[in-house]
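Here's a quick tour of one chain, written for someone who likes to poke at models. Have a look at the structure first, then read on.

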Amino acid sequence: MNQQNNNNYLNAVQADIKRPFIIAIIHKLVPFSMIWVSLVLMYGVICMYTNAVGQDEFYRFIFFLRSPVVIVLNCVALLITLFHSISWYNSVAKTIFSSRTDKKSLTYLFIVGLWLITMSVSAYLLLFILK
């Protein structure tokens with residue numbers, strides 16, 4: 001039993017070693033990108049509230065968003081979020097269908113279904129905002 005646990009640990013360590021270094025870094029950056037997006041949205045809500053009071057804070061928020069540094073940080077946060085959703089969808093599908101024998105086709109169907117739901121909700125929200 002101890003030998004089997006030892007082999008499982010070695011396999012897990014080798015799987016971590018096989019993963020490229022940049023992917024490990026991206027996984028570690030996910031919380032920071034989520035914090036960045038949350039702070040930007042919170043700043044926007046605060047500026048909108050103070051704009052309703054009568055100040056022109058919302059224009060400061062627009063100029064803040066147009067800054068090249070903020071644009072680059074938002075693009076990096078978007079790419080990290082897309083990578084995170086791709087890896088999360090893949091790992092959820094593999095976890096759910098790990099006990100099935102015909103798991104390849106079910107895994108792909110589940111991943112496609114998750115992406116279809118994500119795109120449908122995003123399209124609905126986009127149409128709701130543009131109205």
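## The largest pocket

Let's start with the largest pocket, where α4 makes the biggest contribution to the lining, with 7 residues. One thing to keep in mind as you read: this is a predicted model. The space in that pocket comes to about 280 Å³. Two helices, α4 (68-96) and α5 (103-130), each put at least two residues into the lining.

Here's the full cast around the pocket: Val37, Asn74, Cys75, Ala77, Leu78, Thr81, Leu82, Ser85, Trp115 and Thr118. Two of those names, Ala77 and Thr81, come up again further down, as contacts of Ser33.

## The chain as a whole

How many helices and strands does the chain have? The count is 5 helices and 0 strands, so reading from the N terminus you get α-α-α-α-α, with helices as DSSP runs numbered in that order.

Of the 131 residues in the chain, 15% are buried. The accessible surface adds up to about 10,700 Å², and carbon and sulfur atoms own 71% of that area. As for contacts, take those with a separation of 6 or more: 47% of them link residues 24 or more positions apart.

## Where α2 meets α4

Ser33 sits in helix α2. Is Ser33 buried or exposed? Its relative accessible area is 6%, and the cut-off for buried is under 20%, so Ser33 is buried. Once you set aside neighbours within four places in sequence, Ser33 has contacts with Ala77, Ile80 and Thr81. Ala77 and Thr81 also belong to the lining of the largest pocket.

Ile26 is another residue of helix α2. With 21% relative accessibility, Ile26 falls in the range between under 20% (buried) and over 50% (exposed), so it counts as partly exposed. Which residues does Ile26 touch, if you skip those up to four places away in sequence? They are Ile80 and Phe83. Ile80 is a contact of Ser33 too. Ile26 and Phe83 are 57 residues apart in sequence, with 8.1 Å between their C-alpha atoms.

Then there's His84, which belongs to helix α4. His84 is partly exposed, at 30% relative accessibility. From the C-alpha atom of His84 to that of Ile26 is 8.3 Å, with their positions 58 residues apart along the chain.

## Over to α5

Leu114 is part of helix α5. The relative accessible area of Leu114 is 18%, which is under the 20% cut-off, so Leu114 goes down as buried. Its C-alpha atom is 7.2 Å from the C-alpha atom of Tyr89, and the two residues are 25 apart along the chain. Helix α5 is also one of the helices that supply at least two residues of the pocket lining.

## A nonpolar patch on the surface

Now for the outside. Phe21, Ile22, Ile25, Leu29, Phe32, Ile35, Leu39, Met42 and Ile46 make up a nonpolar patch on the surface. Taken together, these residues have about 920 Å² of accessible area.

Met42 is one member of that patch, and you'll find it in helix α2, which covers residues 21-53. Why can Met42 be part of a patch? Patch residues need over 30% relative accessible area; Met42 has 46%, so it clears that cut-off. That value also makes Met42 partly exposed, whereas Ser33, also in helix α2, is buried at 6%.

Note on methods. Residues numbered from 1 in each chain as written. Predicted model: local features only at pLDDT ≥ 70, side-chain atom pairs only at ≥ 80, totals over all residues. Heavy atoms only, no water. Patch = residues over 30% accessible without salt bridge, like charges linked within 9 Å, V, L, I, M, F, W, Y side chains within 5 Å. Areas by Shrake-Rupley, 256 points an atom, 1.4 Å probe, with all protein chains shown as cover. Salt bridge = Lys/Arg side-chain N within 4 Å of Asp/Glu carboxyl O. Helix = DSSP H or I, 4+ residues; strand = E, 2+ residues; numbered from the N terminus. Buried < 20%, exposed > 50% of the residue type's maximum accessible area, 1.4 Å probe, protein only. Contact = heavy atoms within 4.5 Å. 1 Å grid on protein atoms, 1.4 Å probe; cavity = no way out; pocket = protein on both sides within 12 Å on 5 of 7 lines; lining within 4 Å. Points joined across faces, edges and corners; volume = space filled by probe spheres on them.
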